[in-house]
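I opened this model to look up its chain contacts and the build of one chain. My entries follow.

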Amino acid sequence: MGSTQPVLLRPEHDELRTSVRKFLADTSPEPAVRAVMETSQGYDSNVWRRACAELGLAALTVPEQYGGSGYSFVEAGVVLEESGRVLWPSPFFATTVLATTALLASGDTSAAADFLPAIASGGLRATVATSGALHAAPTSDGWQVTGASAYVVDGHTAELILVLAETETGLSLFAVDGHASGLTREAQSTMDLTRKLAKLRFDAAPARLIGSAGSGTDLRERVLAVAAVGLAAEQVGGAQRVLELTVDYVKERKQFGRAIGSFQAVKHRCADMLVDVESARSVMVHALWAVAADSDELAEDAAVAKVFCSDAFLSCAGAAIQLHGGIGFTWEHPAHLFFKRAKSGQLMFGDPVHHRRLLGDLLEL
Amino acid sequence: MGSTQPVLLRPEHDELRTSVRKFLADTSPEPAVRAVMETSQGYDSNVWRRACAELGLAALTVPEQYGGSGYSFVEAGVVLEESGRVLWPSPFFATTVLATTALLASGDTSAAADFLPAIASGGLRATVATSGALHAAPTSDGWQVTGASAYVVDGHTAELILVLAETETGLSLFAVDGHASGLTREAQSTMDLTRKLAKLRFDAAPARLIGSAGSGTDLRERVLAVAAVGLAAEQVGGAQRVLELTVDYVKERKQFGRAIGSFQAVKHRCADMLVDVESARSVMVHALWAVAADSDELAEDAAVAKVFCSDAFLSCAGAAIQLHGGIGFTWEHPAHLFFKRAKSGQLMFGDPVHHRRLLGDLLEL
Amino acid sequence: MGVAGQAEVDAALAALLGSVDLTGDPTAFLGAQYDAGLAWVSFPVGLGGLGISVEWQAYVNERVAAAGGPSGFAGNPLGYGMGGPTVLAHGTPEQQQRLLRPLFTGEEIWCQLFSEPSAGSDLANVSTRARQDGDEWVIDGQKVWTSWGHVARWGMLLARTDPDVPKHRGLTYFVCDMQAPGVEVRPLRQMTGNAEFNEVYFTEARISDAMRLDVVGGGWGVALTTLSNERYMLSEGLSAEPALAAAVELWRARVDQDSAEAVVLRDRLVDLHVRIRANRLTMRRGDALRDAGDVGPQGSIAKLNTVRLNQAATELCVDLLGEEGMLFGSYSLADSHLSDYGYDTPMRAYLRARANSIEGGTSEILHNILGERVLGLPAEPRVDKDISWREAATR
Amino acid sequence: MGVAGQAEVDAALAALLGSVDLTGDPTAFLGAQYDAGLAWVSFPVGLGGLGISVEWQAYVNERVAAAGGPSGFAGNPLGYGMGGPTVLAHGTPEQQQRLLRPLFTGEEIWCQLFSEPSAGSDLANVSTRARQDGDEWVIDGQKVWTSWGHVARWGMLLARTDPDVPKHRGLTYFVCDMQAPGVEVRPLRQMTGNAEFNEVYFTEARISDAMRLDVVGGGWGVALTTLSNERYMLSEGLSAEPALAAAVELWRARVDQDSAEAVVLRDRLVDLHVRIRANRLTMRRGDALRDAGDVGPQGSIAKLNTVRLNQAATELCVDLLGEEGMLFGSYSLADSHLSDYGYDTPMRAYLRARANSIEGGTSEILHNILGERVLGLPAEPRVDKDISWREAATR
């Protein structure tokens, strides 16, 4: 493990955190999140426009030469953590964590120049289809992609869809327009209403090759690793939040003449939540720096983050429901929204068993 | 699961239990167990002689036509549970659970007639070597066994050693005299001092074929299944005992002006021990009847018993140490004796992962 | 089972099964069963029983079922499981006469009005007030987690009649008419999107003193009768077996059974099988002990265990689905049925199971019960003992 | 690190390293280091220090180690880790003069005399009595879990001088001469067969009043200084890394790596790797935060976590051995070394790890600390508050 890699954020990150938290408190309090999650679009266009204009979120990790702010993934991590705290439904994850990462990793400067400025301005929402069975073939009219991919984050609303498709020279990255002919998109009914997934069917949809043909396997690995770390940042934000909600509740809630937080069964479970949150935070911060530094051990750090932070968040969200008692099981209380986000995130981009198998391979076990 | 199989013992078993418990209280209180466990022989000859003479333990499961009492394995289970309560070091497990089971299962009436009366009288202590790499070949002088087997219960003191050895027609059961030429025996240094294991080396040791050549695979399966169930009975006895020791202690022990058993952290762990003990008992009693009835589902019931009762006992023994605090970690306190018995038993005759694999096969998963 | 009663039972059964149309209106059959004394054989003659040993009831139920007769339990479980035994134990003859028959026939459904927002595990901490006004009581307050509340005619209501004595002593028990003015039932939506439960609001609702069970201030004793029947009902009701069976099917449906991931999930599945089998055997042992007249702790153990196992089994189902586990059927309340909510997907069963460790006694409380009542460990120091409910409530 | 002090430190280091034989008698070197003010740089001049910021100590230690100089820590960890800081904080100038130098040189080893059979987690519930007799104190009682007791010259003794006040207030802290008549040290054998600890019996042992630290009745305050240093020492000391490394080797040594059993064990091993890595990162984050002047809860978290992880890792090692896990090296006390007990087999490490969740604060107490001090949850009702120790002890 890269022992020189930092384990702390920097003071300047606090400023970013403060402004993002304030923005989200203003624009996405719980009632707003609940309203947006019931829509099929799944995000609030106005809020996203403001997030891009006022905070420059879409530009955050886009290099300056493409019209971005050129920050590293560590800054994206701060945004994701705050976003996870309030379950902010927004195009940020798909556009920045998935698509921007894929475009930058492709090394395709022409594609970068064509797409990134639009992304940075907030004018182009994008995503990546990482799974499914897709293949692409060159025609006289350029490449065409055929096949299906499901569980694509924001797949039904993204304006640019990057897909990984098999070609004669191997897995390759392609760009497909969200409104391309031959593309049908269907929103899926998700457990976690605050993150939308879609099923995409491609029938000879026109596509543009990004980077060199055959470079898709490495690209996919990079995108999935960054996605795992991005998810981990959200998960830490969510876990921290349910811990806070729970601690506040058990301090106030009285049973048998005592605050229930004074009972060891409750207190010790809160302590275990704290252990989970603090440990997950350590893993997450370290992994953010690994992404930023393009560390050799990113694949390891990402697998560790995917396993540990997913499990920690789910465990905390489950404890939150239990410690709130009946009220924690109601639709009106926010606990279930975090629980559903936690369970879905655990299964997204490969579940913990899968990531442990990958990590075992990396560790040569 | 054989839903008609009983889940309770019968009233007459209480009488047997009472007399065994009284006998062990008289002859094998903790200081006696500690003294015996420090010897290399590992059991008290006098106590064993009395157990055979006064309680007829060695004769218990031997059929009446071979000079035994003809009881079923359910009665053996009662003895084993009491034995497990006090960690009684005795030849009972090896002789009755392993060797008598093997002889009866072999269907070899001549061998039964030759060995079982001596076993029933207490005059012949026997065991079975279930693992290792042994092979047997016929010579003009009869069969000879060669190879090594380790972790043989009471292998260094048994007068009759039944071994499973490969032959040209498959795995077969053989009887080897404890003092046979070509046999060297070495006591192993065990974690659990109250149960002795030995490593045996056979160098063309003269052997007698028991049952038909090639019947060893079925025999081995039967012996291991019965061994698992016998172990489960001991484990339930041990788990029940550490629960009682712990409950007594936490009722008396005061910290912060209260009995520590009034703290939820302690109380709830005791409750979990109770859940383990009661569940393990249900599994064990059911499995005892499965042995007695030669149920079709014995293999399943035995695997379930091995997994569940091993884990439950270990979990209870670990909790007992923790809840006793520092004193539970000392040599003088009995908690460690149960813990070591529990851990060793979990690894004996196949560990839980192995038995889960077997059970998965039986369940056609 | 003793022989005393065999003659009465057989005669009554013969008369019932010979005279009533088994395939017609269940209400009519159940009414006839009640009148024949075969509703609850141990109840007195005239109140649905024959005054004989309760052990005959199973025999009656079997005979009725074998003949194709209807059972009213599923349509009024709280009435059958809790209301009936409570009215029998604490009701006046008039109350029993009025309430038991329509309860048994299902014409009048029952619900329970104990839980309140501020009284969760601390069941006796009831705030709903009942103030006497002549020969009526005026009820104000709120109850919650009321299943069957939206269709019930009667509610088992625990209300505070005296706030100036310690909390267990100031309670009185009423049978509340759910159709009375001032009683409002609102569905309570759960994290599954369904609404199995309701909130019930009382605004100057009036109950006749004739519908009080037992003495004023004696409500806690009556409630204990209801609760002991509830615990038994719940431990019989919840099961991890359907989720285990579903997990087995989902595992068999995996296409990658030789992958390292599947091998690990199989180990988890088999471990769950082992633990659920142990629990099943423990429940069977508990039943066998009870049949032998020996009530052990197996009931409480089974509840605690079943909860854990059902949560684990429903989670394994979702995990076996992998990515598909991120999906869900509809959360729309309109698409769900109040009492027949069904598990259209393993994900709904998984979410629903989160409540298992809260409803009918939290796992924390069950641990206390096992520790204190079964193992005899000392209780926690009580800080709300010997002070009035009013004083405790303002701390 | 500020620059103030650089000149003094460098001058003192140059003088020390230039004048003393680095490879000779460590006692002589350590004495010279003390005299040079480089033992504890933040201590006053004349007491092993230079009166400069504690941040310089790491620099000094690195320079001494780089030059090949000895370290005395391992030979007197309780003296270095707890005795020194306590004497500095609470001792008189005479006591500091007498005790600190030989503590640092290792000529006088220290042990801790707090724990008693009846005071486990309830540390202040000390029964060992100290009765004043002129300018001496007479000690009677028993201490337990005393590591280094068999070789120590001085013991940090907490004794009860007034049983008639509440328990925290009747304690006094002494530096006890372990060679005094009436002090008997007996080895305490553990479940591993080893004896890392001792029992210490006091029978009318006498301590001069000059060896009392702080005021009579002020012992608990002194003890808190010792304890806060102990907690830090322990969290630095315990590690699950060796057991993880051993598990990796044992897994690699398995011949059946493709079996279903091995695949399941590999998943368990990797999960442990993940959790130990998370814990390692948390410790590093805690260190980094402390370096930045921000003391977080990571220390207590790491202790609780490391305990669990070490217990899990040592168990996995045994499980990876399968049947061989049933074996053990010798349990004979004669074969074991008191302070260098070593883990000849994974089984000894496994058994030893059972104490991790008890020693230095049980996991139950650590959960309380995290819940109350970090999360701010309310304490349990205290039943022994405001009553005298004598009264509480007889309840």
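I started with chains C and D: six residues of chain C are in contact with six residues of chain D. I count two residues as in contact if their C-beta atoms, placed from the backbone, lie within 7 Å. On the side of chain C that touches chain D, I find five nonpolar residues, one charged and no polar. Here Ala, Val, Leu, Ile, Met, Phe, Trp, Tyr, Cys and Pro are nonpolar, Asp, Glu, Lys and Arg charged, and the others, Gly among them, polar.

A note on the source: this is a predicted model, where local features need pLDDT of at least 70 and side-chain atom pairs count only at pLDDT 80 or more, while totals for chains, interfaces and linings use all residues. Residues are numbered from 1 along each chain as its sequence is written, and chains are lettered from A and ligands numbered from 1 in the order in which they are written.

Next I looked at chain A against chain D. The contact takes 30 residues from chain A and 34 from chain D. H8(A) gives the largest share of chain A's side, eleven residues. By class, that side of chain A has 18 nonpolar, seven polar and five charged residues.

Then I turned to chain C alone. I list twelve helices and eight strands (DSSP runs numbered from the N terminus: helices H or I, at least four residues; strands E, at least two). Its C-alpha trace spans about 75 × 65 × 50 Å along the principal axes. Among contacts in chain C between residues at least 6 apart in sequence, 70% join residues at least 24 apart.
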